[in-house]
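This briefing is meant to be read with the coordinates open alongside. It goes from confidence to helix packing, then to the core and to a few single residues.

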Amino acid sequence: MNTRPETLRADLSQLAELLHKYGHDGQSGVVYQIVATLETSTPDYKRLASIDMWGGSGAVWEVCLIPSAMRVEGRADRTNFRKSIIRLAATMDQMKIGTERSRFIAKTFQGWLDKGL
């Protein structure tokens, strides 16, 4: 229970860095803004569970990090991105702020990882 804020911060920070690395500055900005609130007395958990993170086109979870011609580093980054999303969804569930959408996306990503996609 004590590690939840650290786990949340670590996963969100990794997501933001990967998004920034691949030029998804709008999405990385959303995540960086959420991370910044974690240090305050009113963390923005509402935005964490919002369409900015879990919605459709343009949401954080749905970006394609890498072009179709993937390098080894790109594949590793994509895997790390998906694992961070999965952990984030699990942490949100533990915090009682998870959504059907975050659980569905985490399950989908886990299925892809299990299949080596």
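The points below are grouped by topic. The model is a predicted one, and its chain has an average pLDDT of 91, with 94% of the residues scoring at least 70. Two helix pairs, H5 with H6 and H1 with H5, are described in turn, followed by the largest nonpolar core.

**Confidence**

- Within the chain, H1 has the lowest confidence, at a mean of 92, whereas H6 has the highest, at 97.
- As a general caution, predicted coordinates should not be read in detail where pLDDT is low.

**Packing of H5 with H6**

- Helix H5, which covers residues 72-94, and helix H6, which covers residues 100-114, have axes that come within 9 Å and cross at roughly 145°, and the crossing is left-handed.
- On the H5 side, the residues that make the contact are Thr79, Phe81, Arg82, Lys83, Ile85, Ile86, Ala89, Met92 and Asp93, while H6 contributes Ser102, Arg103, Ile105, Ala106, Phe109, Gln110, Trp112 and Leu113.
- Sorted by class, this contact of H5 with H6 consists of ten nonpolar, three polar and four charged residues.

**Packing of H1 with H5**

- H1 and H5 have their axes 9 Å apart and pack at an angle of about 145°, in a crossing that is left-handed.
- From H1, the residues that meet H5 include Leu8, Leu12, Leu15, Leu18 and Leu19, together with Arg4, Asp11 and Lys21, and among their counterparts in H5 are Phe81, Ile85, Leu88, Glu73 and Asp77.
- The contact of H1 with H5 divides into eight nonpolar, six polar and six charged residues.

**The largest nonpolar core**

- The largest nonpolar core has 31 residues, of which Leu12, Val31, Met53, Trp54, Phe81 and Leu88 touch the most other members.
- Two or more residues of this core come from each of helix H1 (4-21), helix H2 (25-37), helix H4 (51-54), H5 and H6.
- In soluble globular proteins, nonpolar side chains tend to be buried together.
- Met53, once its neighbours within four places in sequence are left aside, is in contact with Leu12, Leu15, Val30, Val31, Ile34, Arg47, Leu48, Ala59, Val60, Trp61 and Leu88.

**Single residues to inspect**

- Ser28 has its place in helix H2 and counts as buried because its relative accessible area, 3%, is under the 20% cut-off.
- Not counting residues up to four places away in sequence, Ser28 touches Ala16, Leu19 and His20, whereas Ser28 and Thr42, which are 14 residues apart in sequence, are 21 Å apart in space from C-alpha to C-alpha.
- Trp112 is found in helix H6, and at 32% relative accessibility it counts as partly exposed, because this value falls between the 20% and 50% cut-offs.
- Leaving aside neighbours within four places in sequence, Trp112 is in contact with Arg82 and Leu117, and although Trp112 and Thr79 are 33 residues apart in sequence, the C-alpha to C-alpha distance between them is 9.6 Å.
- Lys96 lies in the loop between H5 and H6 and has a positive phi of about 65° although it is not a glycine.
- Is Lys96 buried or exposed? Lys96 is exposed, because its relative accessible area of 75% is over the 50% cut-off.

Notes: Residues numbered from 1 in each chain as written. Predicted model: local features only at pLDDT ≥ 70, side-chain atom pairs only at ≥ 80, totals over all residues. Heavy atoms only, no water. Axes fitted to C-alpha atoms, helices over the stretch in contact; angles between N-to-C directions. Helix = DSSP H or I, 4+ residues; strand = E, 2+ residues; numbered from the N terminus. Left-handed = near helix turned anticlockwise from the far one by under 90°. Contact = heavy atoms within 4.5 Å. Nonpolar A, V, L, I, M, F, W, Y, C, P; charged D, E, K, R; others polar. Core = buried A, V, L, I, M, F, W, Y, C linked by side-chain atoms within 4.5 Å. Buried < 20%, exposed > 50% of the residue type's maximum accessible area, 1.4 Å probe, protein only. pLDDT = per-residue confidence, 0-100.
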